[in-house]
Amino acid sequence: QVQLVESGGGLVQAGGSLRLSCAASGNFFNINAMGWYRQAPGKQREFVSDITFDGSANSAESVKGRFVISRDNAKNTVYLQMNSLKFEDTAVYYCGADIWDSPFGAKRYWGQGTQVTVSS
């Protein structure tokens with residue numbers, strides 16, 4: 001079974017920083033894109049940032065210049081360094097990854113989510 005396990009969420013004051021981690025485990029061949037999404041109360045899940053296997057990254061406009069995504073392919077882990085946090089960054093953050101769990105193609109897997117709360 002493939003699993004994504006997130007860590008690093010918590011409570012932080014506005015202007016502070018947090019670093020999220022997401023590690024993939026289980027039986028699989030390879031991982032394509034890995035990324036972060038978030039869902040605030042009463043809102044739909046939205047894209048935050050993602051990164052390809054070779055390190056090409058994309059980020060939502062709302063986090064550009066503040067959040068940095070990176071990955072360690074040897075550890076099957078993606079990170080999200082969040083700086084200059086704002087109250088509106090408060091949400092449950094989910095890790096998503098396109099994982100080749102069979103020779104026939106990749107499947108999107110999701111982590112369980114980690115809460116990030118920014119106090120104003």
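A residue counts as buried when its relative accessible area is under 20%. By that cut-off C22, with 0% relative accessibility, is buried. The structure described here is a predicted model. The briefing covers the nonpolar core, the disulfide that C22 forms with C95, the hairpin of β7 and β8, an aromatic cluster of Y37, F47 and W110, and selected loop residues.

**Nonpolar core**

- The largest nonpolar core comprises 28 residues, and the members that touch the most others are W36, L80, M82 and Y93.
- At least two residues of this core come from each of the strands β3 (18-25), β4 (30-39), β5 (46-51), β7 (67-72), β8 (77-82), β9 (91-102) and β11 (114-119).
- Strand β9 makes the greatest contribution to this core, namely five residues.
- Setting aside neighbours within four places in sequence, the contacts of L80 include two of the other highly connected core members, W36 and Y93.
- The remaining contacts of L80 are with L18, R19, L20, V48, S49, F67, V68 and I69.

**Disulfide**

- The structure has one disulfide, and its partners are C22 and C95, with an S to S distance of 2.1 Å.
- The disulfide is left-handed, because the torsion about its S-S bond is about -75°.
- C22 belongs to strand β3 and C95 to strand β9, so the pair ties together parts of the chain that are 73 residues apart in sequence.
- C95 has 0% relative accessibility and therefore counts as buried, as does C22 at 0%.

**Hairpin of β7 and β8**

- Strands β7 and β8 run antiparallel and are joined by six bridges.
- One of the bridge partnerships is that of S70 with Y79 in β8.
- The two strands form a hairpin, with four residues between them.
- The covered face of β7 consists of F67, I69 and R71, whereas V68, S70 and D72 make up its uncovered face.
- F67 and I69, on the covered face, are both in contact with L80.
- V68, on the uncovered face, is also in contact with L80.

**Aromatic pairs and cluster**

- There are two aromatic pairs in the structure.
- Y37 and F47 form an edge-to-face pair, with 5.7 Å from centre to centre and 70° between the planes.
- This pair links distant parts of the chain, since Y37 is in strand β4 and F47 is in strand β5, ten residues apart.
- Y37 counts as buried at 15% relative accessibility, whereas F47 is partly exposed with a relative accessible area of 31%.
- Y37 also pairs with W110: the ring centres are 5.0 Å apart and the planes stand at 70°, so this pair is edge-to-face.
- The pair of Y37 and W110 likewise links distant parts of the chain, from strand β4 to strand β10 (residues 105-110), 73 residues apart.
- W110 counts as partly exposed at 37% relative accessibility.
- Together, Y37, F47 and W110 form one aromatic cluster.

**R45 and aromatic rings**

- The charged end of R45 sits over the ring of W110, at 4.7 Å from the ring centre.
- R45 also lies over the face of Y94, where the distance to the ring centre is 3.8 Å.

**Loop residues**

- G16 is located in the loop between β2 (10-13) and β3.
- G16 counts as buried, because its relative accessibility is 17%.
- Not counting residues up to four places away in sequence, G16 touches M82, N83, S84 and L85; among them, M82 is one of the most connected members of the core.
- G16 and C95 are 79 residues apart along the chain, and their C-alpha atoms are separated by 21 Å.
- S84, one of the residues that G16 touches, is in the loop between β8 and β9.
- Although S84 is not a glycine, its phi is positive, at about 50°.
- S84 is partly exposed, with a relative accessible area of 40%.
- N76 lies in the loop between β7 and β8, and its phi, near 55°, is a positive value in a residue other than glycine.
- N76 is partly exposed, with a relative accessible area of 25%.

Note on methods
Residues numbered from 1 in each chain as written. Predicted model: local features only at pLDDT ≥ 70, side-chain atom pairs only at ≥ 80, totals over all residues. Heavy atoms only, no water. Core = buried A, V, L, I, M, F, W, Y, C linked by side-chain atoms within 4.5 Å. Buried < 20%, exposed > 50% of the residue type's maximum accessible area, 1.4 Å probe, protein only. Contact = heavy atoms within 4.5 Å. Pairing = 2+ DSSP bridges. Disulfide = S-S within 2.5 Å. Phe/Tyr/Trp six-rings, centres within 6.5 Å; stacked < 30°, edge-to-face > 60°. Lys NZ or Arg CZ within 6 Å of the ring centre and 35° of its normal.
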